[in-house]
Amino acid sequence: MISADQAARYDALMQRLERRFFPDTRAWVCGRARGDTLEVAVGTGLNLPHYPDGIRLTALDREPAVLDFARRRAHTLGREVRLDEGDAAALPFPDESFDTVVATFVLCEVADDAHAIREALRVLRPGGSLVLADHVVATNPLVKVGQHLLEALTIPLSGEHFTRRPSTHVTAAGAEVVSSDRFTHGAIERLHAHKPAR
(Lines give C-alpha, C1' and ligand atoms only; values in the text may rest on other atoms or scores of the structure.)
Protein backbone atom coordinates (compact mmCIF):
# COMPACT_ATOMS: atom_id res chain seq x y z
CA MET A 1 0.00 0.00 0.00
CA ILE A 2 1.39 3.38 -1.05
CA SER A 3 1.07 6.36 1.30
CA ALA A 4 0.18 9.91 0.29
CA ASP A 5 3.80 10.99 0.90
CA GLN A 6 5.10 8.19 -1.32
CA ALA A 7 2.66 9.21 -4.05
CA ALA A 8 3.93 12.80 -3.88
CA ARG A 9 7.57 11.67 -4.04
CA TYR A 10 6.82 9.39 -6.98
CA ASP A 11 5.08 12.23 -8.80
CA ALA A 12 8.04 14.59 -8.34
CA LEU A 13 10.56 11.91 -9.37
CA MET A 14 8.64 11.00 -12.53
CA GLN A 15 8.40 14.63 -13.59
CA ARG A 16 12.18 15.00 -13.27
CA LEU A 17 12.86 11.76 -15.16
CA GLU A 18 10.53 12.54 -18.02
CA ARG A 19 11.94 16.03 -18.55
CA ARG A 20 15.32 14.41 -19.11
CA PHE A 21 14.57 11.11 -20.82
CA PHE A 22 11.12 11.21 -22.49
CA PRO A 23 9.84 14.80 -22.54
CA ASP A 24 7.07 14.54 -25.17
CA THR A 25 5.99 10.94 -24.61
CA ARG A 26 2.83 11.58 -22.60
CA ALA A 27 1.59 14.03 -25.26
CA TRP A 28 2.46 11.47 -27.99
CA VAL A 29 0.45 8.76 -26.24
CA CYS A 30 -2.54 10.73 -24.99
CA GLY A 31 -2.93 12.71 -28.20
CA ARG A 32 -3.96 9.46 -29.90
CA ALA A 33 -6.92 8.87 -27.55
CA ARG A 34 -10.39 9.03 -29.09
CA GLY A 35 -13.91 8.40 -27.81
CA ASP A 36 -14.37 6.25 -24.71
CA THR A 37 -10.86 6.02 -23.28
CA LEU A 38 -9.48 3.87 -20.46
CA GLU A 39 -6.18 4.66 -18.80
CA VAL A 40 -4.76 1.65 -16.99
CA ALA A 41 -2.74 2.46 -13.84
CA VAL A 42 -3.30 6.22 -13.94
CA GLY A 43 -0.92 6.75 -11.02
CA THR A 44 -0.82 10.37 -9.88
CA GLY A 45 -2.46 11.56 -13.09
CA LEU A 46 0.59 12.80 -14.99
CA ASN A 47 -1.15 12.01 -18.29
CA LEU A 48 -4.26 14.05 -17.51
CA PRO A 49 -3.08 17.39 -18.97
CA HIS A 50 -2.27 15.73 -22.30
CA TYR A 51 -5.62 14.23 -23.33
CA PRO A 52 -7.59 15.98 -26.08
CA ASP A 53 -10.92 17.58 -25.36
CA GLY A 54 -14.01 15.57 -26.17
CA ILE A 55 -12.91 12.14 -24.96
CA ARG A 56 -14.77 10.31 -22.20
CA LEU A 57 -12.03 9.27 -19.79
CA THR A 58 -12.05 6.43 -17.27
CA ALA A 59 -8.90 5.74 -15.26
CA LEU A 60 -7.94 2.97 -12.86
CA ASP A 61 -5.27 2.34 -10.29
CA ARG A 62 -4.95 -0.24 -7.55
CA GLU A 63 -3.48 2.26 -5.03
CA PRO A 64 -5.99 4.53 -3.25
CA ALA A 65 -3.36 7.15 -2.34
CA VAL A 66 -2.29 7.71 -5.93
CA LEU A 67 -5.93 7.81 -7.03
CA ASP A 68 -6.51 10.60 -4.51
CA PHE A 69 -3.51 12.46 -5.98
CA ALA A 70 -4.90 11.98 -9.51
CA ARG A 71 -8.33 13.14 -8.35
CA ARG A 72 -6.84 16.39 -7.04
CA ARG A 73 -4.89 16.89 -10.27
CA ALA A 74 -8.03 16.33 -12.36
CA HIS A 75 -9.92 18.89 -10.24
CA THR A 76 -7.12 21.46 -10.64
CA LEU A 77 -7.10 20.91 -14.42
CA GLY A 78 -10.88 20.93 -14.72
CA ARG A 79 -10.59 17.51 -16.36
CA GLU A 80 -13.68 15.31 -16.11
CA VAL A 81 -12.58 11.73 -15.43
CA ARG A 82 -14.07 8.69 -13.73
CA LEU A 83 -11.45 7.35 -11.31
CA ASP A 84 -11.82 3.86 -9.83
CA GLU A 85 -9.74 1.23 -8.09
CA GLY A 86 -8.78 -1.58 -10.43
CA ASP A 87 -5.97 -3.82 -11.59
CA ALA A 88 -4.40 -4.17 -15.05
CA ALA A 89 -4.55 -7.95 -14.65
CA ALA A 90 -8.35 -8.04 -14.23
CA LEU A 91 -10.01 -4.99 -15.78
CA PRO A 92 -13.53 -4.62 -14.32
CA PHE A 93 -15.26 -3.95 -17.65
CA PRO A 94 -17.13 -6.03 -20.21
CA ASP A 95 -15.55 -6.96 -23.52
CA GLU A 96 -15.38 -4.19 -26.14
CA SER A 97 -16.12 -1.28 -23.78
CA PHE A 98 -13.59 1.31 -25.01
CA ASP A 99 -12.35 2.98 -28.18
CA THR A 100 -8.87 3.60 -26.72
CA VAL A 101 -6.80 2.02 -23.96
CA VAL A 102 -3.72 3.86 -22.68
CA ALA A 103 -0.94 2.51 -20.44
CA THR A 104 2.23 4.47 -19.69
CA PHE A 105 5.15 3.19 -17.62
CA VAL A 106 3.11 0.45 -15.97
CA LEU A 107 3.83 -2.77 -17.89
CA CYS A 108 7.29 -2.78 -16.33
CA GLU A 109 5.67 -3.45 -12.93
CA VAL A 110 2.76 -5.81 -13.56
CA ALA A 111 3.36 -9.46 -12.76
CA ASP A 112 2.48 -10.64 -16.28
CA ASP A 113 2.73 -7.99 -18.98
CA ALA A 114 1.46 -10.33 -21.72
CA HIS A 115 -1.71 -10.99 -19.74
CA ALA A 116 -2.20 -7.26 -19.07
CA ILE A 117 -1.99 -6.57 -22.80
CA ARG A 118 -4.54 -9.29 -23.55
CA GLU A 119 -6.85 -7.70 -20.95
CA ALA A 120 -6.43 -4.28 -22.58
CA LEU A 121 -7.27 -5.74 -25.99
CA ARG A 122 -10.27 -7.58 -24.53
CA VAL A 123 -11.93 -4.34 -23.42
CA LEU A 124 -11.14 -2.58 -26.71
CA ARG A 125 -13.75 -2.36 -29.42
CA PRO A 126 -12.82 -3.76 -32.84
CA GLY A 127 -10.71 -1.16 -34.62
CA GLY A 128 -9.87 0.53 -31.31
CA SER A 129 -6.46 1.86 -30.31
CA LEU A 130 -4.02 0.52 -27.75
CA VAL A 131 -1.39 3.15 -26.97
CA LEU A 132 1.60 2.31 -24.76
CA ALA A 133 4.85 3.80 -23.52
CA ASP A 134 7.36 2.12 -21.24
CA HIS A 135 11.01 1.60 -20.49
CA VAL A 136 12.15 -1.56 -22.25
CA VAL A 137 15.28 -3.60 -22.87
CA ALA A 138 17.80 -1.23 -24.48
CA THR A 139 19.40 -1.60 -27.88
CA ASN A 140 22.70 -0.28 -26.52
CA PRO A 141 24.69 -3.25 -25.14
CA LEU A 142 26.22 -1.30 -22.23
CA VAL A 143 22.84 0.10 -21.17
CA LYS A 144 21.37 -3.41 -21.43
CA VAL A 145 24.03 -4.76 -19.04
CA GLY A 146 23.17 -1.96 -16.60
CA GLN A 147 19.47 -2.82 -16.86
CA HIS A 148 20.13 -6.46 -15.99
CA LEU A 149 22.20 -5.42 -12.98
CA LEU A 150 19.50 -2.99 -11.88
CA GLU A 151 16.82 -5.69 -12.11
CA ALA A 152 18.71 -7.78 -9.57
CA LEU A 153 17.61 -5.13 -7.08
CA THR A 154 14.34 -3.79 -8.46
CA ILE A 155 12.53 -7.05 -9.20
CA PRO A 156 12.84 -8.43 -5.63
CA LEU A 157 12.17 -5.02 -4.05
CA SER A 158 9.33 -3.64 -6.14
CA GLY A 159 8.66 -6.00 -9.04
CA GLU A 160 9.99 -3.48 -11.57
CA HIS A 161 11.49 -4.89 -14.77
CA PHE A 162 13.86 -3.10 -17.13
CA THR A 163 14.42 -5.78 -19.79
CA ARG A 164 10.88 -6.48 -20.97
CA ARG A 165 9.57 -5.66 -24.47
CA PRO A 166 5.75 -5.38 -24.25
CA SER A 167 5.40 -4.62 -27.96
CA THR A 168 6.16 -8.26 -28.77
CA HIS A 169 3.06 -9.29 -26.81
CA VAL A 170 0.91 -6.76 -28.68
CA THR A 171 1.66 -8.35 -32.04
CA ALA A 172 1.46 -11.87 -30.60
CA ALA A 173 -2.07 -11.07 -29.40
CA GLY A 174 -3.07 -10.16 -32.95
CA ALA A 175 -3.05 -6.36 -32.81
CA GLU A 176 -1.59 -4.35 -35.69
CA VAL A 177 1.13 -1.83 -34.85
CA VAL A 178 0.50 1.40 -36.77
CA SER A 179 3.20 3.57 -35.21
CA SER A 180 6.13 3.01 -32.86
CA ASP A 181 9.54 4.34 -31.99
CA ARG A 182 12.40 3.82 -29.53
CA PHE A 183 14.89 6.31 -28.13
CA THR A 184 17.26 6.93 -25.19
CA HIS A 185 19.54 4.09 -26.37
CA GLY A 186 16.43 2.10 -27.23
CA ALA A 187 15.38 1.97 -23.57
CA ILE A 188 12.12 3.90 -24.07
CA GLU A 189 9.48 2.59 -26.47
CA ARG A 190 6.12 4.02 -27.42
CA LEU A 191 3.61 2.20 -29.56
CA HIS A 192 0.18 2.70 -31.15
CA ALA A 193 -1.66 -0.43 -32.25
CA HIS A 194 -5.15 -1.21 -33.54
CA LYS A 195 -7.32 -4.13 -32.51
CA PRO A 196 -8.43 -5.87 -35.71
CA ALA A 197 -11.86 -4.90 -36.95
CA ARG A 198 -14.36 -7.68 -37.42
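Below are worked exercises on the sheet, cores and empty spaces of this predicted model.

Residues are numbered from 1 along each chain as its sequence is written. Because the model is predicted, local features need pLDDT of at least 70 and side-chain atom pairs count only at pLDDT 80 or more, while totals for chains, interfaces and linings use all residues; side-chain values use heavy atoms, leaving out hydrogens and water.

**Exercise 1. The sheet**

Task: In what order do the seven strands lie in the open sheet, and which are the edge strands?

Solution:
- Start with the terms. Helices (H or I, at least four residues) and strands (E, at least two) are DSSP runs, numbered from the N terminus. Two strands pair if DSSP finds at least two bridges between them.
- Lay out the strands: the order is β3-β2-β1-β4-β5-β7-β6, with mixed pairing.
- Now look at the ends. β3 (81-85) and β6 (176-183) are the edge strands, each pairing on one side only.
- Finish with the twist, which averages 15° from one strand to the next. Here axes are lines fitted to C-alpha atoms, for helices over the stretch in contact, and angles run from 0 to 180 degrees between N-to-C directions.

**Exercise 2. Bridges, pair by pair**

Task: How many bridges join β2 to β3, β1 to β2, β4 to β5, and β5 to β7?

Solution:
- Recall that strands of a sheet pair through backbone hydrogen bonds, either parallel or antiparallel.
- β2 and β3 run parallel and are joined by five bridges; Thr 58 has Arg 82 in β3 as its bridge partner.
- β1 and β2 pair in the parallel sense over four bridges, and Glu 39 is matched with Ala 59 in β2.
- β4 and β5 are parallel, with six bridges. Thr 104 stands opposite Ala 133 in β5.
- β5 (residues 124-135) and β7 (residues 188-194) are antiparallel over seven bridges. Opposite Leu 130 stands Ala 193 in β7.

**Exercise 3. Helices on the sheet**

Task: Which strands do helices α3 and α4 touch?

Solution:
- Contact means heavy atoms within 4.5 Å.
- Helix α3 (residues 64-77) packs on the sheet against β2 (56-61) and β3, and its direction makes about 170° with that of β3.
- Helix α4 (residues 113-123) also packs on the sheet, touching β1 (36-39), β4 (98-104) and β5; the angle between the directions of α4 and β5 is about 145°.

**Exercise 4. The nonpolar cores**

Task: Which residues touch the most other members of the largest nonpolar core, and which element gives the most to this core?

Solution:
- Set the burial scale: buried means under 20% relative accessible area, exposed over 50%, and partly exposed in between (1.4 Å probe, protein chains only).
- A nonpolar core is then a set of buried Ala, Val, Leu, Ile, Met, Phe, Trp, Tyr and Cys residues joined through side-chain atoms within 4.5 Å.
- The largest core has 24 residues, and Leu 38, Val 101, Leu 130 and Val 170 touch the most other members.
- β4, α4, β5 and β7 each supply at least two residues of this core, and α4 gives the most, with five.
- Take Leu 130 as a close-up: leaving out residues up to four places away in sequence, its contacts include Val 101, Ile 117, Val 170 and Leu 191.
- A second, separate core has 23 residues, among them Val 42, Ala 59, Val 102 and Ile 188.
- Check the strands: nine of the 12 residues of β5 are buried, as are five of the six in β2.

**Exercise 5. Pocket and cavity**

Task: What volume does the largest pocket have, and what volume the largest cavity?

Solution:
- Work on a 1 Å grid over the protein atoms alone. A cavity is a set of points where a 1.4 Å probe fits but cannot get out; a pocket is an open set with protein on both sides within 12 Å along at least five of seven lines; lining residues have an atom within 4 Å of a point.
- Grid points are joined across faces, edges and corners, and a volume is the space filled by probe spheres set on the points.
- The largest pocket holds about 1,200 Å³. Its lining has 47 residues, with Tyr 10, Met 14, Phe 105, Glu 109 and Glu 160 nearest the centre.
- α1 gives the most to that lining, with eight residues. Tyr 10 belongs to α1 (residues 4-21) and is partly exposed, at 35% relative accessible area.
- There are two cavities of 30 Å³ or more, and the largest cavity has about 80 Å³.
- That cavity is lined by 13 residues, including Val 40, Ala 103 and Ala 120; α4 provides the largest share, four residues.
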